[in-house]
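Thank you all for making the time this morning. I would like to walk through one model with you, a few places at a time, so please have the sequence and the coordinates open.

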Amino acid sequence: MGVLALTGGYKAGNSVSEELFKWPIVTAEDENAVIEVLRAGSMSGTDITQIFEKEYAQWNGVKYALGCCNGTAALTEALWACGVGAGDEVICPSMTYWASATPVVALGGTVNFADIDRNTLCIDPTDIEHRIGPRTKAIVVVHYAGYPCDMDAVMDIAARHDLKVVEDVSHAQGGLYKGRKLGSIGHIAGTSLMAGKALVAGEGGMVTTNDQRLFDRCVAFGHYERLVASNYSTASMSLSSPELLPYVGLPLGGVKHRMNQTCSAMGRVQLRNYPERCAEIQKAMNYLWDNLSDLPGIKAHRPASDSGSTMGGWYLPKGIFCSEELEGVSCKVFCAALTAEGLPCRPGANTALHRHRWFHDFDIYGHGKPSVTAFSERDVRQDDSTLPNAAHCEEFCFTVPWFKKYIPEEIDQYIAIYRKVLTNYRELLSIDPEKI
Ligand SMILES: *Cc1c(COP(=O)(O)O)cnc(C)c1O
């Protein structure tokens, strides 16, 4: 019998404080904002949304922001704005949520997945360039679990090959890359503001860009009546995308992406409060990792404190696991040991998308062949051999509690469990991972 709960010892346990995890924080301010929209019956208007967009653009440090019904819609129009269409290729990290990549296929393109870096969990910049072909149009980057992707490297590759960079900021609103806000560095960005994310508008999404041409194309794709209403935009479109002008006033993407104003009203309140709440998340998460930094086997998933880069709202945080520092204990066994102590933990992160059949053989549109290759000139579907890190992320990363409040005496209980497991890791050497 050992000291660890997994080897028969006493369970450490921790009193779970709801306060630490409650999110989103909804107050009377949110309720009143939503009720006002309901009473005015202006759910389908765009007046409040346009105020939200202005505030969002200013906060995000960009010229233009466009509110959407969800993040998937925002990314779809951002990709279309970049010219992604039938037969085009887009490079995207394999380990991310569906919506970073599915819109490419929805637009008739194909996804060339790139591997992730084991320390950042973001796209590995050294795995991009060899994937670029004559039909490659864009690179999607995801600031995964809040970690700001290596934008300098990606922007450099994109500039050399004349590609657009689409940032997926859904995990990282408010995060910085070398002092610049995420979502303002690539050519265009899409983000999710659904209820589970760090920045919440209820259900919604946002496009951000400094490029008016890209902005106008997004409006044309799914917000048709706004282009008609704005002489300014129509004028700029006549210069930048004259081929679209005869169609202005129609939803060019065949879709409607308008944000429900109950959501934009809530989003305004959430955004106003976000800098303070986000700073508290950072304080809490940094407290956790600062107090684990001397332990073998695990490393914080965060940029160096002197890099000018930060983790934003730290969405669904992860830790990096180093089996070699623990004489080969597997991440799976480590997570089981934490869970047995009363700290629920799972190895891995999002399932690598290249592993899913949807990206291999699903026929969405009835082409009679896999949609992912329906129009493409080359078949870029892959197996695990070319994407080893994304395929095996359960070996080197694990889930970490997402603290929203800085309550040191509560967080200390979590720290104590990590310490207990890692200082007694040798007890885990005898456990067979297959038997867990
Ligand atoms: C949540 C999420 C999205 C999609 O946003 P929805 O608002 O759910 O449509 C896109 N990309 C990533 C990485 C996400 O986590």
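Let me begin in the loop between β4 (136-142) and α6 (151-161), which is where Ala145 sits; helices here are DSSP runs of H or I of at least four residues, strands are runs of E of at least two, and both are numbered from the N terminus. Ala145 has a positive phi of about 55° even though it is not a glycine, and with a relative accessible area of 0% it is buried, a word I use for anything under 20% relative accessible area, with exposed meaning over 50% and partly exposed what falls in between, using a 1.4 Å probe and protein chains only.

Before I go on, I should say that this is a predicted model, in which local features need pLDDT of at least 70 and side-chain atom pairs count only at pLDDT 80 or more, while totals for chains, interfaces and linings use all residues. Residues are numbered from 1 along each chain as its sequence is written, and side-chain values use heavy atoms, with hydrogens and water left out.

For comparison with Ala145, consider Glu327, which lies in the loop between β11 (318-321) and α11. Glu327 also is not a glycine and has a positive phi of about 55°, but at 42% relative accessibility Glu327 counts as partly exposed. As background, most residues other than glycine have a negative phi, and most peptide bonds are trans. On that second point, the bond joining Trp23 and Pro24 is cis, with omega at about -5°, and Pro24 is found in the loop between α1 (18-21) and α2.

That brings me to the helix after that loop. How do α2 and α10 pack, and at what angle? Helix α2 (residues 28-40) and helix α10 (residues 261-290) pack at about 155°, with their axes 8 Å apart, where axes are lines fitted to C-alpha atoms, for helices over the stretch in contact, and angles run from 0 to 180 degrees between N-to-C directions. That makes α2 roughly antiparallel to α10, given that angles under 35 degrees count as roughly parallel, over 145 as roughly antiparallel, 65 to 115 as roughly perpendicular and the rest as oblique. On the α2 side the residues are Glu29, Asp30, Ala33, Val34, Val37 and Leu38, and they meet Gln261, Thr262, Ala265, Met266, Val269, Gln270, Arg272 and Asn273 in α10, contact meaning heavy atoms within 4.5 Å.

Also in helix α10 is Ser264, which is buried, with a relative accessible area of 0%. The side chains of Ser264 and Thr49 are joined by a polar contact of 2.8 Å, that is, a pair of N or O atoms within 3.5 Å, where within protein one must be able to donate a hydrogen and the other to accept it, and residues adjacent in sequence count only if both atoms are side-chain atoms.

A second buried serine is Ser94, at 0% relative accessibility, in the loop between β2 (89-93) and α5 (102-106). The side chain of Ser94 makes a polar contact of 2.7 Å with that of His354, and, leaving aside neighbours within four places in sequence, the residues in contact with Ser94 include Phe113, Thr351, Leu387 and Ala390.

Helix α4 (residues 71-81) is mostly covered, with ten of its eleven residues buried, among them Glu77 and Trp80. At its N-terminal end Asn70 acts as a cap, with a side-chain oxygen 3.1 Å from the backbone nitrogen of Thr72, and just after α4, Gly83 takes a positive phi of about 95°.

Finally, where is Trp402? Trp402 is in the loop between β12 (397-399) and α13 (408-423), and it is buried, with a relative accessible area of 9%. Its side chain reaches the backbone oxygen of Gly313 at 2.9 Å and the backbone oxygen of Trp314 at 3.1 Å. Trp402 and Lys22 are 380 residues apart along the chain, yet their C-alpha atoms are separated by 9.8 Å. Leaving aside neighbours within four places in sequence, the contacts of Trp402 include Leu20, Phe21, Ile281 and Met285.

I will stop there and take questions.
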